[in-house]
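Q: I should like to learn how to read strand pairing, side-chain packing and ring geometry from a model. May we work through one case together?

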Amino acid sequence: MKTKLGASTLLVALALTLTTLTGCGMTDNNSSDDSDDVPSAGTSNSEDAADKAEQISSELYDLIGIKGKASDTGPGVSECGDKDPEKYFKIFHPWTFTPESADQLDGVMERLRTELPKHGWKVVEYGRDTSKNKNLNLTADNDEKKYSVKIAYFAKDDSPNLNLMLVSGCYQVPDGEKVHRF
């Protein structure tokens, strides 16, 4: 019998991923001595920042380089550590890529490991996880764009796929505006 993750388990996993990704190497010109600080991504409203996340996800889709389908999940807004939640936010964009044919994913993670640095990404982690299936994972940071991505290759699923979680640095809304959450 196969079991899918429950909503609460998925939310915990999402929270852990958001915490892990935004602290994994993106540099910040305005960093303080607090090692838990999330790098600054600049000033933006939530909608424009979400559009940027979708654009970056589209670039990652193109780098995958094979025919397939991306899930239709949109970006979301989360809090930014201990910063004022009315003024600061992060964008996250989880999505799944399913190839037309499962064998197309053979070698895609190694190719991404090679190609991402050519497009401004620094691979900060690459290897198998500790799950029963030993899924292959890649984490990369883009200091220029102030985004991190974690890609997991689920080769042994009924329908092999890549799960991607894109997370921004910490945005600040323009003066006089508040964070719009979605």
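Q: In this predicted model, in which sense do β6 and β7 pair, and over how many bridges?

A: Strand pairing is read from the bridges between two strands and from their relative direction. Here β6 and β7 are antiparallel, and seven bridges pair them. One residue pair fixes the register: N137 has A152 in β7 as its bridge partner.

Q: How many residues lie between the strands in the hairpin of β6 and β7, and which residue takes a positive phi?

A: A hairpin is read from its connecting residues and their backbone angles. This one has four residues between the strands, and K146 adopts a positive phi near 60°.

Q: What does the side chain of N142 reach?

A: For a polar side chain, one asks where the residue lies and which atom the side chain meets. N142 belongs to strand β6 and is buried, its relative accessible area being 2%. Its side chain reaches the backbone nitrogen of K145 at a distance of 2.9 Å.

Q: How many bridges join β7 to β8, and through how many residues does the hairpin join them?

A: The reading is as before. β7 and β8 run antiparallel and are joined by eight bridges, with K150 having M165 in β8 as its bridge partner. The hairpin from β7 to β8 passes through six residues.

Q: Why is β7 described as largely enclosed by the rest of the structure?

A: Enclosure of a strand is judged by the burial of its residues. In β7, seven of the eight residues are buried, so the strand is largely enclosed by the rest of the structure.

Q: How many residues does the largest nonpolar core have, and which have the most contacts inside it?

A: In soluble globular proteins, nonpolar side chains tend to be buried together. In this structure the largest nonpolar core comprises 33 residues, and L60 and L162 have the most contacts inside it. At least two core residues come from each of α2 (46–64), β4 (88–99), α3 (108–115), β6 (136–142), β7 (147–154) and β8 (161–168). The largest share, seven residues, is supplied by α2.

Q: With which residues is L162 in contact, leaving aside its neighbours within four places in sequence?

A: A contact list shows which parts of the chain meet at one residue. With those neighbours set aside, L162 touches I64, W95, T96, F97, L105, V108, M109, I151, A152 and Y153.

Q: To how many aromatic pairs does the count come, and what geometry do Y61 and F97 show?

A: Ring pairs are read from the distance between centres and the angle between planes. The count comes to three aromatic pairs. Y61 and F97 are edge-to-face, at 5.5 Å centre to centre with 70° between the planes. Because Y61 is in helix α2 and F97 in strand β4, this pair ties together parts 36 residues apart in sequence. Y61 is partly exposed at 27% relative accessible area, whereas F97 is buried at 0%. Y61, W95 and F97 make up one aromatic cluster.

Q: Why is the pair of F89 and Y171 stacked?

A: The ring centres of F89 and Y171 are 5.3 Å apart and their planes lie at 20°, so the pair counts as stacked. It links distant parts of the chain, with F89 in strand β4 and Y171 in strand β9 (residues 170–172), 82 residues apart. F89 is buried at 0% relative accessibility, and Y171 is buried with a relative accessible area of 3%.

Q: Over the ring of which residue does the charged end of K83 sit?

A: For a charge and a ring, one reads the position of the charge relative to the ring centre. The charged end of K83 sits over the ring of Y88, 5.1 Å from the centre of that ring.

Conventions. Residues numbered from 1 in each chain as written. Predicted model: local features only at pLDDT ≥ 70, side-chain atom pairs only at ≥ 80, totals over all residues. Heavy atoms only, no water. Core = buried A, V, L, I, M, F, W, Y, C linked by side-chain atoms within 4.5 Å. Buried < 20%, exposed > 50% of the residue type's maximum accessible area, 1.4 Å probe, protein only. Contact = heavy atoms within 4.5 Å. Phe/Tyr/Trp six-rings, centres within 6.5 Å; stacked < 30°, edge-to-face > 60°. Lys NZ or Arg CZ within 6 Å of the ring centre and 35° of its normal. Pairing = 2+ DSSP bridges. Polar contact = N/O pair within 3.5 Å; in protein donor to acceptor, adjacent residues only side chain to side chain.
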